[in-house]
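This report describes selected local features of a single model. A sheet is treated before an individual residue and its surroundings.

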Amino acid sequence: MPHNTALPTFDRQNHPIDVLVLGSGLGGMRAAWSAAQASSRPRVALLTLAPGPSGSSFANYNRQLGMQVPLTDQEREDFVAEALGLARPGTAFPDLASLLAEQAEARLRDLQALGAPLLQGEDGLPLRRQACFSPHARAVILTDLARTHALLRAKLQDLNVRVFTGQQVTRLLPARNNLVGAEIHSKNDGSAVVRARAVVVALGGPAPLAERNIAGPGNPGQGWEMLASLGAGMENTDYLQYLWLNLDSLEFRSPAILAGADAVILTPDGREAAPSAKVLALADARRTHCPAAWGPISFQGKTTHDYGMDQWLQAHANDQGVVRVKVGKAPWEHVALFAQAGNGGARIDACARVLDPDSAPVPGFYACGECATGMHGANRLGGAMVAATQVFGHIAGQSAARDAAG
Ligand SMILES: Cc1cc2nc3c(=O)[nH]c(=O)nc-3n(C[C@H](O)[C@H](O)[C@H](O)COP(=O)(O)OP(=O)(O)OC[C@H]3O[C@@H](n4cnc5c(N)ncnc54)[C@H](O)[C@@H]3O)c2cc1C
């Protein structure tokens, strides 16, 4: 598509921009931080929609997020084997999964040096917990996400990153005269074009497009669509993670309980029904992960299709997707599936360059966080997305800075 030459240049772009970062979730903020710290000292600007904490990064209802951090060679090996084993029926690439394993620890150290609060044991060291789909306790827990956001904003300010809020990105603009960019729109200033030598796309995932979702504020959910229009090769886009939530409390509810031994559901035509022995046999495997798994997963050395529990619940949903369940002596509750996060996005390489469907780089564009895929496939290890925001955010920022300097 031709550029819209009728639009004015972003009038607050009073200095040229070397690296433009789009989005201020954990991925975008990490990318801006790393770009601004690069030895070439690029001029970095970050454009985003909401003024405060935004996106899924700061949205979890208990204000905590898990981050996979393998610490030993054995743990890194396990991490890669688990991530690739889980990836089917989607696609994951060993080099990207290995980068995640190798660099997560260094990115955690950066967060610790910044003062980001982590759940700690009595010895003062970060506690590591077991996360979804993994039998191993490797995930640290980021607590007080609002504080983490404030620390990241202060870091960007120290590094002279110019942050512009209230700006909605509407389109990504391919290279012209060695500059790439984006069309943006703001309530006060209308539409404009902003250009830079390199762009990092960190606009998050498509979960907000689902009617029921638990993604954070400030994300219209169009990042994937804009990357596809730019010409990016998109992978794993069929795989959105869904969780069961109680509609009143909005708390997670495990299908291992909702379709477990003590559960009864009320069918839409008013009959009570209990799960069959076949469904109940899936409960132990289903307990190991909150999101429904796509395809078979391995549990205790055997292959299981434990999404059978989710399917059984879903088969008894009313036409609004709501299931009435009673567990033991608890009152009847209403539960439904909510979209949480996407595991797909633009294919990137080990430098976080956006690749086209033939695996050639789309000049000037980098992606990270929920906009990028390939380090996980259809399923991902719990805590691996936060690790991906930090590892690939850092790589994207550094690569974009190098590109801008070159
Ligand atoms: C409730 C919940 C719990 C989770 N728990 C975990 C966990 O424990 N561990 C884990 O690894 N993962 C977890 N995830 C997933 C993970 O948190 C997210 O995938 C990750 O934080 C996404 O980071 P991001 O920077 O890519 O995108 P986001 O954090 O979504 O940020 C996107 C940014 O882009 C901005 N933006 C979007 N579109 C536009 C636009 N058009 N114009 C301008 N700005 C725009 C948004 O305002 C936001 O600033 C969870 C997700 C949710 C919703």
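In this predicted model, three strands form an open sheet in the order E3-E5-E4, and their pairing is antiparallel. The edges of the sheet are occupied by strand E3 (65-68) and strand E4 (128-130); each has a single partner strand, so one side of each is left without a neighbour in the sheet. From one strand to the next, the twist averages 50°.

As general background, the strands of a sheet pair through backbone hydrogen bonds, in either a parallel or an antiparallel manner. Here, E3 is paired with strand E5 (residues 137-142) in the antiparallel sense, over four bridges. Within this arrangement, Gly66 lies opposite Ile141 in E5.

**Surroundings of Asp349**

Asp349 belongs to the loop that lies between strand E19 (345-347) and strand E20 (353-355). Is this residue, Asp349, buried or exposed? Its relative accessibility is 13%, and because buried means under 20%, Asp349 counts as buried.

The side chain of Asp349 takes part in the following polar interactions.

| Group on Asp349 | Partner | Distance |
|---|---|---|
| Asp349 side chain | Cys351 backbone nitrogen | 2.9 Å |
| Asp349 side chain | Arg353 side chain | 2.7 Å |

The Asp349 side chain thus reaches a backbone atom of Cys351 and also makes a polar contact with the side chain of Arg353. When residues up to four places away in sequence are not counted, Asp349 touches Leu96 and Leu355.

Conventions:
Residues numbered from 1 in each chain as written. Predicted model: local features only at pLDDT ≥ 70, side-chain atom pairs only at ≥ 80, totals over all residues. Heavy atoms only, no water. Helix = DSSP H or I, 4+ residues; strand = E, 2+ residues; numbered from the N terminus. Buried < 20%, exposed > 50% of the residue type's maximum accessible area, 1.4 Å probe, protein only. Polar contact = N/O pair within 3.5 Å; in protein donor to acceptor, adjacent residues only side chain to side chain. Contact = heavy atoms within 4.5 Å. Pairing = 2+ DSSP bridges. Axes fitted to C-alpha atoms, helices over the stretch in contact; angles between N-to-C directions.
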